[in-house]
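Please open the model in your viewer and keep the selection panel at hand. The tour below goes from the whole chain to single residues, one selection at a time.

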Amino acid sequence: MLTSLLLSAGLALLGAGIGAGIVAIGAGLGIGRIGGQAMEGIARQPEAAGKIQTAMLIIAALIEVVSLFAVVVCLLIALNDAITF
């Protein structure tokens, strides 16, 4: 019984850690792609730089919010499992 409880607690913590890592990698890739595509768009049409930059910042902020929410959920899973143990 105790072994099963410890194993499930460890797996939940491991899953929460892996989930937070995947979220961080995904957010980094997404923001990097946004930045690269925005620079390419500005290079093609310099007169549209202001609109492209504004859209890029808004989308990057939305990605950051979603990734922060996902990391908080992973941390809550880890803390909830640690508290119930």
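Among contacts in the chain between residues at least 6 apart in sequence, what percentage join residues at least 24 apart? In this predicted model, the share of such contacts that link residues at least 24 apart is 79%.

Begin with the whole chain in a cartoon view, where you will find two helices and zero strands. If you then switch on the surface, its accessible area comes to about 6100 Å², with 76% of that belonging to carbon and sulfur atoms, while 18% of the 85 residues count as buried.

Next, select residues 2–44, which make up helix α1, and pick out Leu 11 within this helix. Leu 11 has a relative accessible area of 51% and counts as exposed, because the cut-off for that word is over 50%. Add Ile 18, Ile 22 and Leu 14 to the selection, and you will see that together with Leu 11 they form a nonpolar patch on the surface, with about 410 Å² of accessible area together.

Now move to helix α2, residues 49–84, and select Ser 67 there. Is Ser 67 buried or exposed? Its relative accessible area is 12%, so Ser 67 is buried, and, leaving aside residues up to four places away in sequence, Ser 67 touches Val 23 and Ala 27.

Finally, colour residues 6–34 and 55–79, which an unreviewed UniProt entry lists under "transmembrane region". The span 55–79 is 100% helix and 0% strand, and its end C-alpha atoms lie 36 Å apart.

Terms used: Residues are numbered from 1 along each chain as its sequence is written. This is a predicted model: local features need pLDDT of at least 70, side-chain atom pairs count only at pLDDT 80 or more; totals for chains, interfaces and linings use all residues. Side-chain values use heavy atoms; hydrogens and water are left out. UniProt positions are given in the numbering used here, feature names are shortened, and annotations may be inferred rather than shown by experiment. Helices (H or I, at least four residues) and strands (E, at least two) are DSSP runs, numbered from the N terminus. Patches are made of residues with over 30% relative accessible area and no salt bridge: like charges are joined within 9 Å, nonpolar side chains (Val, Leu, Ile, Met, Phe, Trp, Tyr) within 5 Å. Accessible areas come from the Shrake-Rupley method with a 1.4 Å probe; for residues, only the protein chains shown count as cover. A salt bridge is a side-chain nitrogen of Lys or Arg within 4 Å of a carboxyl oxygen of Asp or Glu. Buried means under 20% relative accessible area, exposed over 50%, partly exposed in between (1.4 Å probe, protein chains only). Contact means heavy atoms within 4.5 Å.
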